[in-house]
Amino acid sequence: MVSSEGLSGSTPPVAVPVEQYGVTKPISMAGPTEADIQRSRELEKFLVEAGLYDSEEETAKREEVLGRIQDIVTDWVKQLTRLRGYTGQMVEDAKAVILTFGSYRLGVHGPGSDVDTLCVGPSYVNREEDFFFVLHNILAEREEVTELQPVPDAHVPVMKFKFDGISIDLLYASISLLVVPQDLDISDVSVLYNVDEPTVRSLNGCRVADQILKLVPNAEHFRTTLRCLKFWAKRRGVYSNVTGFLGGVNWALLVARVCQLYPNAVPIMLVSRFFRVFTQWRWPNPVMLCAIEEDELGFSVWDPRKNPRDRTHLMPIITPAYPCMNSSYNVSASTLRVMTEQLKYGNNICEEIQLNRVKWSALFEPYLFFESYKNYLQVDVVAADANDLRAWKGWVESRLRQLTLMIERVTYGKLQCHPYPHEYVDASKPCACCAFFMGLQRKQGEIVQEGQQFDIRGSVDEFRHSVSMYMYWKPGMEIHVSHIRRKQLPAYVLPDGYKHPRNPRVTPHHQSDKLSHNNHIACTESGGKCLKRKKDPEGENSEHSKPEKRLNLDGSESVSPEIISCELSRMSSGCSTSDLDEMNGVAEGNASSNFSTISSCSNEDIGNESSEGSNGGDNGSIEGSTIPASSRSDSCDADSKSSLEDEHADHNRVFEDGLQKELEPNAAVGVVLKSMNEADSETVQNTVISRLNLTSTA
């Protein structure tokens, strides 16, 4: 008997296996439409016009510089080989190999970007003396080398310099071979035999870059998407590993994961899905491009099941090369909050772009940091000359992340910090100096008791002590930490034509906050003088129309908050204290103080700020930005999640299930974070920059 299938001459459909990239199957195998292809061309054109690509001349110059550095390190190794008594044949065969990693290796570098390089040398050439002393002196004698700055005690030891105008970050790794082959395979795990931890970290830059390019479905689509997302992150102020945000390798790993989840997507699709995926991502579930390899050579790998410290990581992004590490361990609760808000902003704008309501330029609108808060910490960095400042400010910037963590700890997360990863220079000052800024606000929705203040002077003292441990300190190196209000921001931080908004837009959320405190009485602890708050007919506090009065330490009234400069005990020879007092707007009577303070702030000083740039009072929105209103944001989130799940359901999987299954092999689902609310009460009591009066409630 012949079956009906046989009569029809057809065969049953055979399920085509879906190719898997990474640790899970793709969310969607859908390819682009004609509209997607056209919008991708528009995106690439926008990126070119934005100046994100090197010119042919710049590309050729980089290659030439790398070739010259290769010649220098080869001569250096031959010289050391000869001095150590090796045979003539060994001297002839001796060499070092220059490899690249980071943005240059991934092919997403742009004009003026650094070239991350690794020098791989033989076992008998060490880092401490041969690299940081002998090679350093060789480079210092060359006229084409400028701004030479060794950083031997960094987590990844590095030598920074400019070679013929090209910025170079040079690392060194000594592998367990007497002769380094010209065709060295850096991906082979054998390069890790008999090396120390700093060498492993140095080698892993190249190993990770190679693995990323191997693990993405389409390298060109990956590059265009990554170039776009890096540009976005810089414009929105969330591109800086040292400050606690994400750096180049972090963004590369996130983009690579989205490429794996949508292997046939073109850049326009990948950009929008990037924001969609990571707006919904449930941190601290880790992002991984591949399964974590088992411990082969005894090096520690990221594993929250075994390592208690790994459980404290808030935003784990795991490197794909052995030993797998969390590349984003610098992220704090505050910086994660800021990045989450910015991802929501990007997701909303991408939805508008897809509906042809706005152009690509809307995605890259700069974040208005100095409109977003009413209170700031200003950290002024001073040195005797430009060379000293370059090293000193790098050290101070690397410690700012610790200040954020200290403030989070001492206030139990109720005072939120937003460190801004940009330095500002007052060109009118004769001394070598720059400044960093940090936004401060009370945690939204936090119920604050009447008269409650945040005393963070101990955190600043601890920060100063940490900074003072700089191994290469020189006379003239100082820091000054002060609290300033938005209206006291120095003019040099504001773009041309930018002015403070006179009438900030008040959202309904903020209006109710003010109405509930229109008769609140706030007392400054130092003077005990109470200022009764009254509402004027227009709904503003009556004292806002008058110069603000604060009590100085001597009990006298001041029309501005107490801002007393904070400096190290060592005196500067390069810039006078009065210069910095003028820089910070410090009263002459406070110029001689040798400690720092933040004044007591009024009840609306630190809370849910709004400005002309705000379009809503939603807690998830970015103050001072162009984020849509909360009701629309909520509906967009719901729509995007629904569409994402529908798309994923075509492959019999729910999006969130896919994210969870990705994490199950490493038991990372449901990781309980160690509380960051631990604080040494004695330290808190005995150390004091200020008391911040946060008496308003959300």
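In the predicted model, His 221, Thr 224, Thr 225, Cys 228, Leu 229 and Trp 232 of helix α8 are in contact with Pro 267, Leu 270, Val 271, Phe 274 and Phe 275 of helix α10. Sorted by class, this contact of α8 with α10 comprises eight nonpolar and three polar residues, with no charged residues. Helix α8 covers residues 219-235, and its axis lies 9 Å from that of α10 at an angle of about 50°. Angles between 35 and 65 degrees fall outside the parallel and perpendicular classes, and α8 and α10 are therefore oblique to each other. The crossing of α8 past α10 is right-handed.

Helix α10, residues 267-280, also packs against helix α2, residues 34-49. Here the angle is about 85° and the axes are 7 Å apart. Because 65 to 115 degrees counts as roughly perpendicular, α2 is assigned as roughly perpendicular to α10. On the α2 side the contact is formed by Asp 36, Arg 39, Ser 40, Leu 43 and Glu 44, and on the α10 side by Pro 267, Ile 268, Met 269 and Val 271. The residues of the α2 contact with α10 are five nonpolar, one polar and three charged. Pro 267 and Val 271 of α10 are listed in the contact with α2 and are also listed in the contact with α8.

Two further helices were examined for length and burial. Helix α9, residues 248-261, has 14 residues and extends 20 Å from its first C-alpha to its last, close to the 20 Å expected at 1.5 Å a residue. Twelve of the 14 residues of α9 are buried, and the helix is thus mostly covered. Among the buried residues of α9 are Trp 251, Leu 253, Leu 254, Val 255 and Val 258, together with Asn 250, Arg 257 and Gln 260.

Helix α13, residues 457-468, has twelve residues, for which a span of 16 Å is expected at 1.5 Å a residue; its end C-alpha atoms are 16 Å apart, in agreement with that value. Helix α13 is likewise mostly covered, with nine of its twelve residues buried. The buried residues of α13 are Arg 457, Gly 458, Ser 459, Val 460, Phe 463, Arg 464, Ser 466, Val 467 and Ser 468.

Thr 335 is located in helix α11, which runs over residues 333-354. The relative accessibility of Thr 335 is 0%, so the residue counts as buried. Apart from neighbours within four places in sequence, Thr 335 is in contact with Thr 243, Gly 244, Phe 245 and Pro 419.

Several backbone features were also noted. Most residues other than glycine have a negative phi, and most peptide bonds are trans. The peptide bond from Trp 283 to Pro 284 is cis, with omega near 15°, and Pro 284 lies in the loop between α10 and α11. Tyr 322 and Pro 323 are likewise joined by a cis peptide bond, with omega about -5°. Pro 323 is also placed in the loop between α10 and α11.

Positive phi values occur at Asp 164, near 55°, and at Tyr 412, about 55°; neither Asp 164 nor Tyr 412 is a glycine. Asp 164 lies in the loop between β4 (158-163) and β5 (166-174), and its relative accessibility of 35% makes it partly exposed. Tyr 412 lies in the loop between α12 (386-410) and β7 (415-419). With a relative accessibility of 45%, Tyr 412 counts as partly exposed.

Terms used:
Residues are numbered from 1 along each chain as its sequence is written. This is a predicted model: local features need pLDDT of at least 70, side-chain atom pairs count only at pLDDT 80 or more; totals for chains, interfaces and linings use all residues. Side-chain values use heavy atoms; hydrogens and water are left out. Axes are lines fitted to C-alpha atoms, for helices over the stretch in contact, and angles run from 0 to 180 degrees between N-to-C directions. Helices (H or I, at least four residues) and strands (E, at least two) are DSSP runs, numbered from the N terminus. Angles under 35 degrees count as roughly parallel, over 145 as roughly antiparallel, 65 to 115 as roughly perpendicular and the rest as oblique. Contact means heavy atoms within 4.5 Å. Ala, Val, Leu, Ile, Met, Phe, Trp, Tyr, Cys and Pro count as nonpolar, Asp, Glu, Lys and Arg as charged, and the others, Gly among them, as polar. The expected span of a helix is 1.5 Å times one less than its number of residues. Buried means under 20% relative accessible area, exposed over 50%, partly exposed in between (1.4 Å probe, protein chains only). A crossing is left-handed if the near helix is turned anticlockwise from the far one by less than a right angle, and right-handed if clockwise.
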